[in-house]
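Notebook open, structure loaded. I want to go through helix packing and salt bridges and jot down what I find.

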Amino acid sequence: MRISELLRLSVFSALVAIATFGATLGAAGQAMAFDDKVFDDKTGVKPQSSPWAVFQFGFSAYKNGRKEQAAEAYKYAAENGQIGATWKLARMYAEGDGVERDDYAAFKFFSEIVDQDVEPGSPEESYVSDALVALGDYLRKGIPGSPITENEVAAQEYYMRAAANYRNPNAQFEMGQIFLNGKGGVKASLKQAGRWFQLAAEKGHAGAQATLGHLLFQSGKIVRGLAMMTAALERASPSDQPWIRGMQEEAFAAAGEADRRTAISLADDILTKGGGDR
């Protein structure tokens with residue numbers, strides 16, 4: 001290679017390095033400038049900061065592992081009307097994520113969310129929908145060491161709001177369980193249970209698909225039921241896999257060889273197309 005070509009390559013490489021370094025410094029400078037506007041490492045959130053800007057800072061801090069700063073930013077944003085910040089705080093306390101786990105604190109944050117006047121179809125409906133289910137889960141079992149005691153009737157009301165008003169698949173699954181087992185003063189109804197399981201299954205809820213498949217299997221629809229349980233097991237979360245596997249394996253053992261083969265093929269079709277029984 002000629003010396004002139006080497007010089008041109010060296011100059012080009014130097015220019016690229018300078019440009020890249022400058023861009024990195026520029027991005028870092030923008031981030032630092034943004035942080036400086038709303039947050040101080042020593043004193044926390046600066047007074048009179050924009051709640052939305054603080055919420056954005058909290059999200060950025062959380063992603064970068066600065067969860068203590070994120071929690072502080074979320075608290076400020078939540079106190080100043082940012083429903084998304086309230087939801088993030090609730091989740092952090094419910095999971096002990098960056099803060100000490102406190103289910104009662106999470107319960108109170110979720111309660112603040114559902115008290116908001118949020119109409120179905122609004123950009124913030126997912127926060128309310130999720131909060132309703134979380135409150136239902138807490139009330140179904142109670143929170144030890146807190147004023148929140150087991151109350152299946154109240155839990156059912158929260159699930160119903162989330163299932164009917166916001167079409168939340170987790171809530172629809174819980175309503176299916178309530179009607180299947182006759183909980184909270186509700187009269188057991190296989191028809192109503194199947195309706196709710198169907199709605200959740202169509203949205204890809206693995207637990208609803210498995211339970212609906214089990215009901216179909218028991219009613220004599222061997223292939224369809226086994227296929228739904230098999231598909232549900234494939235897409236289930238790790239926490240749901242054990243009970244779905246037990247249900248599926250029991251049905252698989254009871255089915256004939258021909259039905260098993262057909263069910264496996266149909267399960268693949270269900271997984272390819274998505275959703276559940278239609």
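**Helix pair and salt bridges**

I started with the crossing of α10 and α12, which is left-handed. Worth writing down at the top: this is a predicted model.

How do the two axes sit? I looked up helix α10 (residues 206–218) and helix α12 (residues 241–254), and their axes come within 10 Å and cross at roughly 25°. That makes α10 roughly parallel to α12, because angles under 35 degrees count as roughly parallel.

Next I listed who touches whom. On the α10 side I have A206, G207, A210, T211, H214 and F217. They meet W243, I244, M247, A251 and A254 in α12. I sorted the residues of this contact by type and got eight nonpolar, three polar and no charged.

**Overall numbers**

I stepped back to the whole protein chain for a moment. I find 13 helices and two strands in it. Of its 278 residues, 41% are buried. I also checked the contacts between residues at least 6 apart in sequence, and 49% of them join residues at least 24 apart.

**Salt bridges**

How many salt bridges are there? My count comes to eight. I went through some of them by hand.

R91 with E95: I get 4.0 Å between the closest N and O atoms of this salt bridge. Both residues lie in helix α4 (residues 83–95), four residues apart, about one turn of the helix. R91 has a relative accessible area of 23%, so I log this arginine as partly exposed. I also followed the links outward: R91, E95 and D130 are joined in a network of salt bridges.

R140 with E174: here the side chains meet in a salt bridge at 2.8 Å, N to O. This pair links distant parts of the chain, with R140 in helix α6 (residues 125–141) and E174 in helix α8 (residues 169–181), 34 residues apart. Buried or exposed, what is E174? It is buried, at a relative accessible area of 15%. R140 comes out at 25% relative accessibility, so I put it down as partly exposed.

E257 with R261: the closest N and O atoms of this salt bridge are 3.3 Å apart. Both sit in helix α13 (residues 257–273), and because they are four residues apart there, about one helical turn separates them. I checked accessibility for both ends. E257 is partly exposed, with a relative accessible area of 44%. R261 has a relative accessible area of 60%, so I list it as exposed.

**A serine I looked up on the side**

Where is S111? I found it in helix α5 (residues 103–114). Its relative accessibility is 16%, so it counts as buried, the cut-off being under 20%. I then took a C-alpha to C-alpha distance from S111 to V128 and got 9.3 Å, with their positions 17 residues apart in sequence.

**Recap for myself**

For the helix pair I keep the roughly 25° crossing of α10 and α12 and its left-handed sense. For the salt bridges I keep the count of eight, the link from R140 in α6 to E174 in α8, and the R91, E95 and D130 network.

Technical notes:
Residues are numbered from 1 along each chain as its sequence is written. This is a predicted model: local features need pLDDT of at least 70, side-chain atom pairs count only at pLDDT 80 or more; totals for chains, interfaces and linings use all residues. Side-chain values use heavy atoms; hydrogens and water are left out. Axes are lines fitted to C-alpha atoms, for helices over the stretch in contact, and angles run from 0 to 180 degrees between N-to-C directions. Angles under 35 degrees count as roughly parallel, over 145 as roughly antiparallel, 65 to 115 as roughly perpendicular and the rest as oblique. A crossing is left-handed if the near helix is turned anticlockwise from the far one by less than a right angle, and right-handed if clockwise. Contact means heavy atoms within 4.5 Å. Ala, Val, Leu, Ile, Met, Phe, Trp, Tyr, Cys and Pro count as nonpolar, Asp, Glu, Lys and Arg as charged, and the others, Gly among them, as polar. Buried means under 20% relative accessible area, exposed over 50%, partly exposed in between (1.4 Å probe, protein chains only).
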